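Work through the exercises below with the sequence and the structure side by side, trying each task before reading its solution.

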Amino acid sequence: MPRRGSVRPKELKPDPIYKNRLVEKLINRAMRDGKKSVAQKEIYKAFDLIKEKGEDPIKVFSKAMENIKPSMEVRPRRVGGAAYQVPMAVRGPRKESLAIRWLIFATRARSNSEFHTFAEKLTAEIMDAAEGIGGAVKKRQEMERVAEANRAFAHFRW
């Protein structure tokens, strides 16, 4: 926490092709070693693969993000020397950040046997997430299950 006021979130410009802020966040998160142009090519290639399947990439991506965004999470709270996992609602910007992080992680965790490139893996993960299945959606379900299991400690929320 800073001593001088609050930290303002950085304004992100929308991506050049789809003019979407979430797509730009996805590109920035998928980027490795500062190679943004490589990440951009891979994500746009994945969106082109979705388009080849006869669907609108932005609509499919938005549906996938809605299915991945968590509503509850657990945060540790120290009460009398013990740390409790207290369930709390997730704030808006954090929902997006977690969803994009989980999407990229699930994409990278996919096996190489059926898909070869990052774009193919990302396409499959986005399509699965839009249908409500896939690694990123499982991660959200598990996080919400943990929050539900720790509902007894909800009174420690303040």
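**Exercise 1: a charged network**

The side chains of Glu-96 and Arg-21 meet in a salt bridge, at 3.3 Å from N to O, where a salt bridge is a side-chain nitrogen of Lys or Arg within 4 Å of a carboxyl oxygen of Asp or Glu. Glu-96 lies in helix H4 and Arg-21 in helix H1, so this pair ties together parts that are 75 residues apart in sequence; helices (H or I, at least four residues) and strands (E, at least two) are DSSP runs, numbered from the N terminus. This is a predicted model, in which local features need pLDDT of at least 70 and side-chain atom pairs count only at pLDDT 80 or more, while totals for chains, interfaces and linings use all residues. Residues are numbered from 1 along each chain as its sequence is written, and side-chain values use heavy atoms, with hydrogens and water left out.

Task: find which residues salt bridges that share partners join into one network.

Solution. Step one is to take Glu-96 again, which also forms a salt bridge with Lys-25, the closest N and O atoms being 3.0 Å apart. Step two is to place this pair: Lys-25 lies in helix H1 and Glu-96 in helix H4, so parts 71 residues apart in sequence are tied together. The network therefore consists of Arg-21, Lys-25 and Glu-96, joined by salt bridges that share partners.

**Exercise 2: a strand pair**

Task: state in which sense strands E1 and E2 pair, and over how many bridges.

Solution. Strand E1 covers residues 72–79 and strand E2 residues 82–89, and they pair in the antiparallel sense over eight bridges, pairing being assigned if DSSP finds at least two bridges between two strands. Within this pair, Arg-75 stands opposite Val-86 in E2.
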